[in-house]
Structures are given as structure tokens and as C-alpha cells.
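Me: I would like to go through some of the terms used for this structure and see what each one rests on. Please set each value against its cut-off before concluding.

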Amino acid sequence: MILLKLKEKYDIPIEAEVISPDIFFDKTHTELCGLPLYYGNKEKKLGEVFEVEGEKSDQIYLEGDLSKIKKIGFGMSRGKISIKGNVGLHLGAFMKGGEIFVEGDVDSWVGAEMTGGFIRIKGNAGNRVGGIYRGTTVGMNRGTIIVEGNAGYEVGSFMRRGLIVILGNVGDFTGSYMIAGTIFVFGTLGARTGAGMRRGTIVTFNPVSLLPTFKYDTTYTPDFLRVYFHFLKKQGISIKEEYLKGPYRRYHGDISELGKGEILEFAA
Amino acid sequence: MLKIINGEVYDPLNGINGGIKEICIRDGKIVDEVPNTAKIIDASNLVVMPGGIDIHSHISGLKVNAGRGLRPEDHRRMVIPKTRITRSGTGYTIPSTFATGYLYTKLGYTTVMEAAVPPIGARHTHEELNDTPMIDKGCYIVLGNNEFILRYLQKGEYEKARDYTAWLLNATKGYAIKIVNPGGVENWKYGQDVSGLDDKVNHFDVTPRQILTALAQINQDLHLPHGVHIHCNNLGVPGNYRTTLETLHALEGKRVHLTHVQFHSYGGENWSGFASKAPEIAEYLNQHPHATIDVGQIIFGDTTTMTADGPWQYRLHKISEKKWYNSDVELESGCGIVPYVYKEKNFVNAIQWAIGLELFLLIKNPWQVFMSTDHPNGGPFIFYPYIIRLLMDKNFRDEMTKRVHKRVLKDTVLPHITREYSLYEIAIITRAGPAKALGLTHKGHLGVGADADIVLYPKLENKEEMFERPVYVLKEGEVILQEGQILKDWTGKTIFVELPENKAFQNEIRDDFEKYYTVEFSNYPTGLETFARYESVKVSI
């Protein structure tokens, strides 16, 4: 186990893609302290910014107000990062595997373009949870993100596979241009949900205002929801009994694109 | 002063084929001899060639910049950090200007021609070329759909079209005339294209055939150093080889250069019947030495296609369902950009790949066919060494042929071609040939009086590695690269033509400029103050 304690809070962002189990697992304490971080455009050492305890482990614990520390767990493929405190941008972006747990809020681009792994956030998340960087046409591809608080705009846009669960509210453009995958939102949704989606599923338990390019199909109780609810219960998330019963209104769209996406709206 | 000794020299323009020869350099030029005090580079076990010349590449200007903007994901794929000498850069298929200069140098290329500049974008292009270090550069001016040209041709005023061209080339500091889908881009302004050489252009009573022959004639009458540089009609359309042959027939006897001919050598009536007609094109070129071509070989992988050919890019956007950029350049031209992925297992892409190689291998005279990927349309230029290996190594080619879609083995003649290029021929298609076709008399060879742009490659069995890793690159006699490390941030020259001009003619167009252009007439020409370094090629009529 490796423990990193932030020494002081910074106003200028620090780029810390070295904080990743893939890099830490074979490093001695001295090597760990010597890893480079970028403080603005200047190089700093990990040992200058954090108090480092432990060595050679892929279990990383972080403490302190990390809201200016960017790119933690960037591209990681194994191990576990646990964070107590708020975290900055790009947490777990391009992640391939492993787990990240955060007790606090995170900034935008959590798990952006990830291809595997598990992220769970106790607080709120910023914009583009599981989203894309500008220009990419295929976003999150496998993996799971659970946010217990609220999330911002463009949750899971261009998502290709995987699961995103938001227990709080979300902003506009949730699941925009989705190619496939599943998004659960237990709170309220912003405007233009599923704009441009080709396939994929967005499940919501509150009334949602839909674009005119979504068409009502039927009201029913899909069986597959039980599988998801079972998984979420195992994660310690309580699901209301009525959600299991349904029924749900099914809309398909976005018919200005392929139109094979679905939005399921809890109807009772 | 510098002397390169013991090197195996390949200098096709002077007929030197692998002989050991001393090369002496003074004041940036190659000379007969230098005093004994001169610095010596021992080139034993190295191959000495003139610096590479890329006759057709898209490295700067409006559409390249728009392409950079359209594809932020492309920048993330290749990031080049700053060093003590060089500046930073990004971009895999469309590198930023500084990166472009460094990457070309690392391949041993010292001169690159930007292939399509709409006249109104000339100033922008030159500003960007100023920031493209290491290489010498020039640009071709797009004229095939220019409103003035079309209007003069409609009225049959050939002299005015000629005077306009002379004025425009001087004003934009261009090097040659480029024609892109003549008539088609003009029709695209109305959502249409032309399907052959005898279709009418909307609102002008002219045909692509007239545009082509007139501009080729103008090219001849103005004694421009390069032949007219043509991107034919119907690019990428199955069955378009007929248009290509027709274009060549129409321009018989004139100096023409057809560009990225791979994209113009397709048979079949539709995509499922897509086939190679490279043998037909090669057959024609073998009998008609008046024409030169560059190939536009495709490279499997991700790339960004960009051309002034708006209607084709719309079609490609519909085929690939990728994002699309389209632009209309006032009165002059158009532009489209679409990202594209060439796949080994896609039979159209695989046959395109085979067509490029067939063109290289079936055209007997290497002075007629030049290396290009139409960067970045066929693929990034950084893959030139890979193409060289395909041409020089039959076994490697066979291996690749077996890897791609099986219709290549069945439907093309590529597997039956046994020809392998020699180093001498490679030196022709990458250096001497382009220099000759461009009329750059002081480049592409190592004779006395030539620019001392010299590359020293290691002698390796694997030709891809050999051409990827020049040991020395010299620019005007200065060592700018050694063992893969750039030693000097060199500023190259911009090359343009200087034509005698009919001064009275300017009054003719001034009114129309003031009326229809967004730029004032007096602000339109690019002045000499724009250039960091330049070299004008004076042309006398």
C-alpha cells in the first residue's frame, strides 16, 4: 500500500498522470519521490508535493484537497486508487482496468474515453462523465462509473459500451451521440437527452422532456432492468421496490440519426 | 567548406549510379574542388543522394489549417516535445508547421511543394510556410475553377486569361498552375459535379476540356518551369480511368503532370465491380513521354483527406459517415475535408493500395512516375520509406499482398510483377525526377552549381529502415541533421516564379475585384516582405 498526503493546496493545476498503479507497482520509495509532476510548465517531484509512505504496491491511497491535481489514474490498467478529498480534472481518463474510489467531488472528464475498469464517486462529478475529448467519435468503451451525487453536462456522450449510473441529477445532453451502452439517471435530466443517439439505453425515473425526434413506442416492464438492479444492489445502492415493478414508457430515437436508441421513463 | 568522401553516390541527373565520388561544397553550392583545409565527412558505407523533393503534398494553407481544426483527436496521437533546438508540435496525419519541417528532414527531404493553394489563401499559406522550418518550399495556385478564367474562356478571350494567370502567379507568389476537378468545383456551388470532359459548367458556356487545354496552353506560353499540375475530374469514382485517359489525350503534346493518379485509375461501373485499371494508364504513359505523374499511394491506417474537390469530399463523407468540412472559396475554388481509415481487409482500399504499386511498377520510365502519398490524402508522408521497401523488396511486397483482402491476389496483376526498384531508380522517383519535372535546375542533383542539399543514408538491407534513418542531412552545405538529431533550426527558402507581366491588364480586373471580392485589390498581392527567405525563378517569354 502506498499513501500519498498532499502537503499544501495549490492554485495552479498540477498534471499528475504518474499517479497510477501501473507506474507505482515496482517503484521503491526513493524512485516514487523522484517521479515528475508538472506544476504549470515547471517540473516538480512527487516527493515535493506529497508526503509519500510505502513502496512497490498497486494499492494507492490519496488524502487532501486534490482539486487542482489532474489526470490521476490516467490510462491505468490494474490496482486500486482510493481518494479522500476532492479531485481535479481527467480522473481515470483512458483507464483500461482497475478501480478508483473517491470520497469527495471530482471535476470534469471522469473516466473519459475509458475502455475498462470501475470508478465510484461518493460526491458530485463535473461535466462529461465517461465522455469524450473533442474530436473523438467513439467514447467510453466498456467499464463502469457510479456517481452518487450529481453530474454535469454531456454524461456518456459518444459512449460505445459500458454502464454509467448517476444517483443524483444530471445536466443537458446526457447520452448525446451515444453509439451503445447504458446510462441510469435516478435524479432529474436536463434538456436534449439522447440528442443524436444511434443505439443504447438511457433509463430515467423522473419525467423527462424529450426532443421531437424521439417517438413513443409502448409502456412495459423490461426484464433486463432486473439484472442491472441486482448489480446495483450488490454495490450497496438501494433500489425502490416500485422501480422493479415498473412499468416504463419506451421512446426510440434519435430518428434524425439511426434511431435505434431507447429512453425508458418510469411511468408509475 | 566541406568535402564528402568515400560515399556511394546516386545522382541520376548526372548519370552517377553508385560510383564512389567526392563531393565538394562551398557557400552552400556544390563546386569542383575545395582546399585541403575543408572539413571532411567520411561517408564510407553510406549512400549519398541529393535531398528528397516532394512534388505534391498538403502541408500548409487554408484547408490544411481547417483540417487541423477539424481533428483535435489527431493532435493527441503524436506529440513532439520541444528540445533545445527545435520547437514543439503535434499531429499525426496533419502535423503542425514546425513538426512538418522536422519530420520531412528526418526522412532526408529538403524541398516540398504545397499542392493546392486558392489564390486568396496565398498570403496565409506563405505565412505558414515561413513557419515550416528546415525545408525549401513552394506552392501551386488553383486555377481550374477560377471565375475570371471561366469568364475569359466563355468569351474566347485567351490573351486575357493568359495575362490574368501571369498577374495572379506574380501576385500570389505561386510556382505552378494547379487544376482541381475543372468545372466540377464550380458546379459544386450549385450542388452538382461534372461527369466528364464535355459537360457544361453552370452559367458558363465552357467545358472541362476547354479549361484544361486553355490552361495547358497558357502554361506553355508563359514558359512556366513546371508542367500544368492536374487533379483530374471524377476522382475516386469507379470507372474514372476513362476520364483520366481522355484528359491525357486532350493534352497530348503539352507538358502535363497528373497528380495522385492512383485515385484516377479505377475500373468497374460501381463499387462492387471496383477494379484496377493501372495497367491501361501505365500503358499510355509508356507510349507518351510528355506526361509525368505522381502516384498518391495509400497507406493503411487513419488519415485525413483534404482537397479542393468539394463534390468528391461530399461523396466520401456519405460513404464513410465521418465528419465533414466543406468550404466555398469566393470566386476561386472550394474545399472539403473528411477523416478516413484505409483498411487492409476492405477490398476497395486493398485494391487502391495495389493500384498505387502497379503504377510505380508498370510505368517503365522512372522519370515519369514520382513518389507521393498525396499527403495526407493517401496517408502521412512519414511512410515514404515503407513504400520504398515495397518497391525494392519483392518478398516483402508478396507478404503484404497476402495480408490484404484476397481480391488483390485474384483481381490485380500486382502478384505477377517481379520488378524491383534499384537505389538508382529510387533516387529518380524521389529526387531527380521531381526536380526535372519542376524545372528546378539547381536541385535534385549533385553536379557543380547545384544547391548542396545532400542526404547520407546508411547502407542497410531493410530499405525501410535505411530511408527512415538518414545519418546526415545537409541543407545548403550546413549539417542540419546528424544521426537522427536535428542540429540546427534552419529556415528554408520559398520558391516562386517571376513572370513578365502586362501592367495595363490590372485595370481590367480592378473593377471586378472592388465589386465582388472581400479583399481590396491593392491588399490582394503577397508582397516580398512576407517572406523570411525567398528565391524567385525568373521566367522570360
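Reply: A residue is called buried when its relative accessible area is under 20%, exposed when that area is over 50%, and partly exposed in between. The model discussed here is predicted.

Me: Which residues of the salt bridge between Glu128(B) and Arg68(B) are buried?

Reply: Both Glu128(B) and Arg68(B) are buried, so the relative accessible area of each is under 20%.

Me: What makes the pair Glu128(B) and Arg68(B) a salt bridge?

Reply: Their side chains meet at 3.0 Å, N to O, and because the cut-off is 4 Å between a side-chain nitrogen of Lys or Arg and a carboxyl oxygen of Asp or Glu, the pair qualifies. Glu128(B) belongs to helix α4 and Arg68(B) to helix α1 of chain B, so the salt bridge ties together parts that are 60 residues apart in sequence.

Me: Why is Asp217(A) called partly exposed?

Reply: Its relative accessible area is 33%, which lies between 20% and 50%, and therefore Asp217(A) is neither buried nor exposed. Asp217(A) forms a salt bridge with Arg250(A), the closest N and O atoms being 2.5 Å apart. Because Arg250(A) lies in strand β16 and Asp217(A) in strand β15 of chain A, the pair ties together parts 33 residues apart in sequence.

Me: How do you know that Arg76(B) and Glu113(A) form a salt bridge?

Reply: The N to O distance between their side chains is 3.7 Å, which is within 4 Å, so the criterion is met. The count between chain A and chain B is 1 salt bridge.

Notes
Residues numbered from 1 in each chain as written. Chains lettered and ligands numbered in written order. Predicted model: local features only at pLDDT ≥ 70, side-chain atom pairs only at ≥ 80, totals over all residues. Heavy atoms only, no water. Helix = DSSP H or I, 4+ residues; strand = E, 2+ residues; numbered from the N terminus. Buried < 20%, exposed > 50% of the residue type's maximum accessible area, 1.4 Å probe, protein only.
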